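The following exercises are to be worked through with the sequence and the model in view. Each task sentence is followed by a stepwise solution.

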Amino acid sequence: MGVEDLRTLFLFEGLTDDQLAWIAARGWELRLPEPTMLFAEGAAAENFYVLLEGEIQLLKRTGEDDVVITTTSHRGVYAGAVRVFVTTDRPDASLYGNTVRTTGPASFFVLAGTDFGWLMREWFPMAIHLLDGLYLGWRNLQLQTRQRERLEALGGLSAGLAHELNNPAGAAVRATGTLRERVSGMRHKLGLLAEGRVPAAALQRLVTLQDDAVERSAKAPRLPALEAADQEDKLADWFDAHGVAGGWDLAPVLVAGGLDAVWAEELAATVEPQLLEGALRWIAYTVETETLMAEIEHAVGRISTLVGAVKQYSYLDQAPEQDVDVRDGLESTLIMLGHKLSGVEVRRDYDESLPRIPAYGSELNQVWTNLIDNAADALGGRGTLTLRTSLEEDMLLVEIGDDGPGIPREVRKRVFDAFFTTKAVGKGSGLGLDISQRIVVQRHHGDIRMESHPGDTRFQVRLPLHRPTAA
Ligand SMILES: Nc1ncnc2c1ncn2[C@@H]1O[C@H](COP(=O)(O)OP(=O)(O)OP(=O)(O)O)[C@@H](O)[C@H]1O
Ligand SMILES: [Mg+2]
């Protein structure tokens, strides 16, 4: 292409004859008769293309698909190695930032990326400074956005946790309400028993039976529904035979507390017939209150475990850097992500002899969170998550594996890129692995790797056992 032709392209406006001659001498024309892919996103940026004729489409990879961003037949539009001139450290500047293809016959004026970079730096040094400045501004903006996104992720985590806390809290509140009713019922029964002028010895015996019932109910196994129904029937029949009214509502409570017809027989031998029903109700109340209290204890225990996990997870009131046991971090992370792991089997393969390592505990937990979160997404509620820790010379290895579908080959090399995600809009920000890599490599001088086959994906994090000596 000659100097005069080049002058017709808006991009080369204002260049001197010498400059145009230089470009004309170095560049060449490319004719593509068929629709062709000119270059692919992520490949090494070799050439700079200016459209002369035809139509091109610019595509950007989002998730697993290339999405058409623009289609144009505007003569003079350019694409390709457009960023090779940057002087700031931008590893991605040497790669094609998108994919370009032609839709039919087309022709281009092509300049090697190296030549383009050279002419930009030589002829437009001030423009380069301005572009660098713009880039830095853009990068800062991106970092802030990232910070925000992380906060949002944390918001997601607390939403999950709130949900986790809500179940036991609700259960405790409900059980407490029922317990209050039962206790007042018991007070009432006590009055009735006293009115029946139960002899002291019989009362004594009743208290013993009550203790016995409490003990049994604490040990009572949870019966399969069919078996429980069967025992309830037998007990209700026994009640009928012994003239105890309302046996049908007493039976389930007693059976749940591990009390059956055999036990009722023992009770009948102890109390006088006219007191039998009162005594039975009295014990049923006892058993029920025991069950309710156990429920409350369980629920409150669960709440306290969760709160403990949050404290452990966030390293609340602890120094940011300290000697940490990575297993604690993994365990608290599992609890934090519990709601995402239901249906997933968690297998632990921890090396018990593992030493503590100097680390930023809460940041490491972010790494475990991102990796386990990804595995949980890949598993989608079934399959196995494997957590493994071991020693490897002077490094500690943490491996998080899943038997999900795996990471397709073409996705593998990009998973650690910021904003790279294959998840639906609003589901993944594509930052999890980028941030994890930063935390492991920059903050801990460790390294993070990935291996993936269908049914076996492993993320391996290696962390130094000792603080690096100031060299
Ligand atoms: N265990 C895994 N199995 C299959 N694919 C995975 C796994 N871990 C990561 N990936 C792939 O790597 C991509 C990038 O993961 P990354 O954690 O960086 O982002 P994300 O999970 O998409 O979004 P988020 O910012 O919410 O974590 C995922 O979109 C997914 O395609
Ligand atoms: Mg993720």
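## Exercise 1: The surroundings of ligand 1

Step 1 of the setting: an oxygen atom of ligand 1 is 2.9 Å from a polar backbone atom of L431. The model is predicted, so local features require pLDDT of at least 70 and side-chain atom pairs pLDDT 80 or more, whereas totals for chains, interfaces and linings use all residues. Residues are numbered from 1 along each chain as its sequence is written, chains are lettered from A and ligands numbered from 1 in the order in which they are written, and side-chain values use heavy atoms, without hydrogens and water.

Task: state which further polar atoms lie by the oxygen atoms of ligand 1, and which residues and elements surround the ligand.

Solution.
1. For L433, a backbone N or O atom is 2.8 Å from an oxygen atom of ligand 1. For K423, a polar side-chain atom lies 2.6 Å from a ligand oxygen. A polar contact is a pair of N or O atoms within 3.5 Å; within protein, one must be able to donate a hydrogen and the other to accept it, and residues adjacent in sequence count only if both atoms are side-chain atoms.
2. Ligand 1 exposes 590 Å² when taken alone, and the protein buries 92% of that (Shrake-Rupley method, 1.4 Å probe; for residues, only the protein chains shown count as cover).
3. Two or more residues of the shell come from each of α11 (361-379), α13 (432-444) and β15 (456-464). Helices (H or I, at least four residues) and strands (E, at least two) are DSSP runs numbered from the N terminus. The largest share, three residues, belongs to α11.
4. In total 20 residues surround ligand 1, the closest being N374, T421, T422, K423 and S429 (a heavy atom within 4 Å).

## Exercise 2: Strand β15 and its partners

Task: determine how β15 is paired and whether it is enclosed or open.

Solution.
1. Strand β13 (residues 395-402) runs antiparallel to β15, joined by eight bridges (strands pair if DSSP finds at least two bridges between them). Within this pairing, P464 in β15 is the bridge partner of M395.
2. Strand β14 (residues 447-453) pairs with β15 over seven bridges, also in the antiparallel sense. Here H453 stands opposite D456.
3. Two residues separate the strands in the hairpin of β14 and β15, where G455 takes a positive phi near 85 degrees.
4. Seven of the nine residues of β15 are buried, so the strand is largely enclosed by the rest of the structure. Buried means under 20% relative accessible area, exposed over 50%, and partly exposed in between (1.4 Å probe, protein chains only).

## Exercise 3: Two buried residues

Task: describe the environments of T286 and S390.

Solution.
1. T286 belongs to helix α9 (residues 273-314). Its relative accessibility is 4%, so T286 counts as buried.
2. The side chain of T286 makes a polar contact of 2.9 Å with the side chain of Q210. A polar atom of the T286 side chain also lies 2.9 Å from the backbone oxygen of W282.
3. Leaving out residues up to four places away in sequence, T286 touches M186, Q210 and V214 (contact means heavy atoms within 4.5 Å).
4. S390 lies in strand β12 (residues 383-392) and is buried, with a relative accessible area of 14%.
5. With the same sequence exclusion, up to four places, S390 touches D351, L354, M395, L396 and L397.
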